[in-house]
Amino acid sequence: MDTGVLIIGGGPAGLTAACFSGPGTVLAERLPQVGRKLLATGGGRCNLTHEIDADGVINAFGRTARFMRPALLAFPPQAIRAFFSDLGVETLSEPDGCVFPVSQKAADVANALERAARARGAQIRCGTRIVRLLTEELPGDAACRRRVKAVETDRGLLHPEAVILAAGGQSYPDLGSDGSGFRLACQAGLEVTPPVPALAGLVTREEWPKTLAGIVLEHGGMRVDFKGASRPMLTGPLLFTHKGLSGPPALNCSGEIAARLRETTEAGGGGEGLTPSVPVRVCLDTRRSGEDWMRLFGEWRARKGGRALHNLLAGEMPRALAVALCGLAGAGDAAVARTGKQALRALAEACSDLRLHITGTEGWSRAMVTRGGVALKELEPSTLACRKVVNLFCVGEVVDLDGWCGGYNLTWAFASGRLAGCAGARQLS
Ligand SMILES: Cc1cc2nc3c(=O)[nH]c(=O)nc-3n(C[C@H](O)[C@H](O)[C@H](O)COP(=O)(O)OP(=O)(O)OC[C@H]3O[C@@H](n4cnc5c(N)ncnc54)[C@H](O)[C@@H]3O)c2cc1C
């Protein structure tokens, strides 16, 4: 063995692992610099965690996220903030719970992590790409487990005692994570859930939302509308774009939508001649139900009956949206008193529970994270070691876990990196 722990990837998960995996650690990063994606997070400000407890983080990751519990209990958001404070990076929490460095500079977070990893004895080798994991059977093991015996890099072979795979997902490939982590995991015999883009803008089948690009609905909501969909309405500012919809509710729905689209395509498409699509329901103002809108229309009929419905509606939302919705509901530009009950009902439904169809996301180059990755059943949650490959650990986004916007994905990167770093160090002793 020429190396203690070898960490593949110098993102937040790999750098954190390097802070805990003990002296003799080598971290290999394919780019000339570590933490490239970290520098881009939070628009350069780095939303590094959320002011919430471990269970709150788990809730942001969906059904399978109980898996994260040991990592998050050992390194919850509060402990992450204390860790960075010890490294000289003070943090503050914004009113929505998102936590940023006081300096508002992602570079301070990345530099602190890199400094700490080096100070704790890790050797960082930038410009080194890992190309292959070579495994062998564990001699005499009744469970037929394997171990990594060597790692092929573009600069030669390494023989580490333990390997932490922290190569990220597949989104924003220019920032380093190009899906090679998934290929390495497959080589090692691990099951990888097919990756799809997540936290990405949505493309609508309907053309009319695209004509409203730039409009923001501060109190918007969205839910995915198919049998078995995982979530109720997700709320927050909703943004119309040139392709369809964005903003936190749309971004947070995008992983589930992309996975569903992939399944539909693999099963043969969306029906004869149809591009596959996923139905969603959009609420334009979560403070108002369909009944509330009907009551408001009733008041308009009683008091302002001669005025055009779209002009009255334009007092409640941007005019272009009001006009588009009146058109959809069949109300046109008629006076409110002359608009039939059926059209008013259709308009109330459009305002509170609008049906749209999503045909895709804005893709890998615009997705903030990856859904899919190393299947959770391959990993032991208390250490993040692979069940089948005893000296291999998987951390961060390479694992099949993706969370909402709001600092949750970095929280997982830090917490998983720490857990596997400590476990890797224990394996050496
Ligand atoms: C624009 C943008 C903004 C974001 N903002 C936020 C935010 O504010 N808050 C938040 O919580 N999350 C945010 N995220 C998500 C967050 O950045 C990721 O979830 C997180 O970086 C994942 O960490 P990681 O260490 O697992 O992977 P990465 O950060 O992707 O790091 C993986 C590293 O491995 C290297 N690598 C890959 N393959 C190899 C190989 N074969 N050999 C050697 N090295 C390799 C890559 O070059 C890369 O440096 C954002 C993402 C993007 C794209």
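**Core.** I began with the largest nonpolar core, which has 128 residues; Ile8, Ile164, Leu165, Phe393 and Cys394 touch the most other members. I then asked which element gives the most to this core. Helix H13 does, with 9 residues. Next I checked where the core sits relative to the domains. Domain 1 (3-197 + 367-428) and domain 2 (201-362) both give residues to it, so the core lies between them. I note here that I am working from a predicted model.

**Ligand shell.** I turned to the ligand and found 39 residues around it. Gly9, Gly11, Gly168, Gly176 and Gly396 come nearest. I sorted the shell by character: 17 residues are nonpolar, 16 polar and 6 charged. I also looked up which elements supply at least two residues of the shell. Four helices and a strand turned up: H1 (12-20), H2 (36-40), H7 (180-187) and H13 (408-428), plus strand S2 (26-29). H13 is thus on both of my lists, giving the most to the core and supplying at least two residues of the ligand shell.

**Open sheet.** I traced an open sheet of 3 strands, in the order S7-S8-S9, with antiparallel pairing. Which strands are at the edges? They are S7 (130-137) and S9 (156-158), each pairing on one side only. From one strand to the next, the twist averages 30°. I looked at the S8 and S9 pair in detail: S8 covers residues 146-153, and 3 bridges join the two strands. One position I checked was Thr153, whose bridge partner in S9 is Gly156.

**Gly201.** I located Gly201 in the loop between strand S11 (192-198) and strand S12 (202-204). Is Gly201 buried or exposed? I counted 22 C-beta neighbours inside 10 Å, and the cut-off for buried is 20 or more, so Gly201 counts as buried. I also took a distance from Gly201 to Pro381. The two are 180 residues apart in sequence and 31 Å apart in space, C-alpha to C-alpha.

**Strand S17.** I followed S12 onward to its pairing with S17 (residues 354-361). The two run antiparallel and are joined by 3 bridges. Here Thr204 has Ile358 in S17 as its bridge partner. S17 also pairs with S16 (residues 278-283), again in the antiparallel sense, over 5 bridges. For Val282, I found Leu354 in S17 as the bridge partner. As a reminder to myself, strands of a sheet pair through backbone hydrogen bonds.

Technical notes
Residues numbered from 1 in each chain as written. Predicted model: local features only at pLDDT ≥ 70, side-chain atom pairs only at ≥ 80, totals over all residues. Pairing = 2+ DSSP bridges. Axes fitted to C-alpha atoms, helices over the stretch in contact; angles between N-to-C directions. Near = placed C-beta within 6 Å. Nonpolar A, V, L, I, M, F, W, Y, C, P; charged D, E, K, R; others polar. Core = buried A, V, L, I, M, F, W, Y, C linked by C-beta atoms within 7 Å. Buried ≥ 20, exposed ≤ 12 C-beta atoms within 10 Å, placed from the backbone. Domains from an automatic or database assignment.
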